[in-house]
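Me: I am new to this structure and would like a close look at a single part of it. Please take me through the enclosed empty space, then through what lies around it.

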Amino acid sequence: MKEDERKMKEKRLFGTNGIRGVVNRELTPEFALNIAQAIGTFFNRGKVLVGYDGRTSSPMLAKAVTAGLTSTGCQVWHGGMAPTPAIQYAVKHLRMDGGVMITASHNPPQYNGIKVMAKDGVELPREKEVKIEKIFFNRKFALAEWNSLGGIYEASGVIEAYIEAVKKHVDTAAIREKRFKVVVDAGNGVGSLTLPRLLREIGCRVLTLNANVDGTFPGRLPEPRPENLGELASVVKSVGADLGVATDGDADRAIFVDDRGEIHWGDRSFALIERYFLMEHPKETIVTPVSSSQLIKDVADEFDGKVVWTKVGSITVARTMIKVKAKLGGEENGGVFYAPHQPVRDSAMTTALILDIMAKTGGKLSELLEKLPKYYIEKGKVPCPHELKEKVLRELVGKLKNMKIDTIDGVKIWFEDKSSILIRPSGTEPLYRLYAEARTRRKAFTLIEKYEEIVKSILDKLK
Ligand code: MG
């Protein structure tokens, strides 16, 4: 609640990934109607595709959003229940003027959210979100007359078109020949609608877990974190599968389990995709947030690739990719952006790319991942009131003269031995987060201890 009160005070609605809130607390049908009137005013009577995930509140909110959009004269096309990347693909493919996706991604079941896409299917840049916020807070809705309200139409075949699009970017014949055995854990999210089907269509033998859409998320929490994926890992091992894949609630992120049942965090699977992408396209640019592993840079260095580090957040990664014309981007949470398909996170595309690499190299996933450099990651946090975050950062940066640092998002310090630490104020909670990375666990741990102390001492002086 505090975070929402703060955002309201600052007149901000959009967070790092759209608008989010607990249903019928912050995110009521009335709010959805009004924000959709602001979005509709922004799109100025255009054609807007509306899609939603499998949450209990999604159909209700989609109806409120539809009412808001049509009241401002927008033509609403219903894409139905589908993964976020499928709706994003449809916005572009169906030549819409924009899109609205009702989803809270990986958040717990009581949450929902609203994401707004531009006509290219990518989330709106920050400055356009600000425009919508202004319309909302000033209640400057361009309501249409009774005889110029928007119509409501069905956009059929969204999922089919999306699956076909993904297939075009991989060697389906090579994948088919391997008859891979794949276990999909869709976490009761909308990945259930696309991933098992795509994999069967490209000749995989598919077993599913939690692959029925259920907004109460009875199988596991919607975020595919290693601690939620024990069941997937043990099924992969017990059935002798080649691959396990787990998606988040709206199926834009994918986390993989190798043939030995080992769960890999997203920057390792991303680095594997990066490696084979750069082998075929050396010197290309890779976009990734500053929170990603040094691994991404190591792999890029191997093939003269260039890494562009960004602020944390998928919208920034996507928008930066478009700006610098990069074809590949990725995040440590399992989001991979493959621009030849679309520059947004896409779990089906990511899974297809991994299978493509396995098919072409003939390697097992465990062996392919083993070849990547190994880093150890340790995390820490220091409580810090919101109002002191900026000051702490300034003091901290002042103390780090003569060191190799980056201040894109918080401060990242790079050391000679390839270890690094990112010290970053949380966007939502009153604390600083620390992520250290090193070639040994001991070193990563030492970095956390040392810099937690430094942040604490700065805070003590400011208080
Ligand atoms: Mg998501």
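Reply: Start with the term. On a 1 Å grid over the protein atoms alone, a cavity is a set of points where a 1.4 Å probe fits but cannot get out, and its lining residues have an atom within 4 Å of a point. Grid points are joined across faces, edges and corners, and a volume is the space filled by probe spheres set on the points.

Two notes on the source. This is a predicted model, where local features need pLDDT of at least 70, side-chain atom pairs count only at pLDDT 80 or more, and totals for chains, interfaces and linings use all residues. Residues are numbered from 1 along each chain as its sequence is written, and side-chain values use heavy atoms, with hydrogens and water left out.

The whole structure was searched, and two cavities of 30 Å³ or more turned up. The second largest has a volume of about 30 Å³. Its lining consists of Phe14, Gly18, Lys115, Val116, Glu123, Leu124, Glu129 and Ile315. Four of these residues are nonpolar, one is polar and three are charged. Here Ala, Val, Leu, Ile, Met, Phe, Trp, Tyr, Cys and Pro count as nonpolar, Asp, Glu, Lys and Arg as charged, and the others, Gly among them, as polar.

Now the largest cavity. It holds about 60 Å³ of space. Around it stand Thr84, Gln88, Lys115, Glu123, Asp252, Ser314, Ala318, Phe337, Pro343, Val344 and Arg345. Helix H4 (84–93), helix H12 (314–324) and strand S16 (342–345) are the elements that each give two or more residues to this lining. S16 gives the most, with three residues. Helices (H or I, at least four residues) and strands (E, at least two) are DSSP runs, numbered from the N terminus. By class, the lining of the largest cavity has four nonpolar, three polar and four charged residues.

Which domains does this lining draw on? At least three residues come from each of domain 1 (3–156) and domain 2 (162–370). The assignment also gives domain 3 (376–462). Such bounds come from an automatic or database domain assignment. Between domain 1 and domain 3, the C-alpha centres lie 36 Å apart.

One lining residue leads on to the metal. Asp252 lines the largest cavity, and its OD is also a donor of the magnesium ion. The other protein donors are Ser105 (OG), Asp248 (OD) and Asp250 (OD), and the four lie 2.0 to 2.1 Å from the ion. Donors are N, O and S atoms within 2.8 Å of the metal (3.2 Å for Na, K and Ca); water is not among the atoms, so sites may look incomplete. Along the chain the donors follow the spacing S-x142-D-x1-D-x1-D. Two of them link distant parts of the chain: Ser105 sits in the loop between strand S4 (98–102) and strand S5 (111–117), and Asp250 in the loop between strand S9 (243–247) and strand S10 (254–257), 145 residues apart.

Are these two donors buried or exposed? Buried means under 20% relative accessible area, exposed over 50%, and partly exposed in between (1.4 Å probe, protein chains only). Ser105 has a relative accessible area of 1%, so it is buried. Asp250 is buried too, at 0%.

Key:
1 Å grid on protein atoms, 1.4 Å probe; cavity = no way out; pocket = protein on both sides within 12 Å on 5 of 7 lines; lining within 4 Å.
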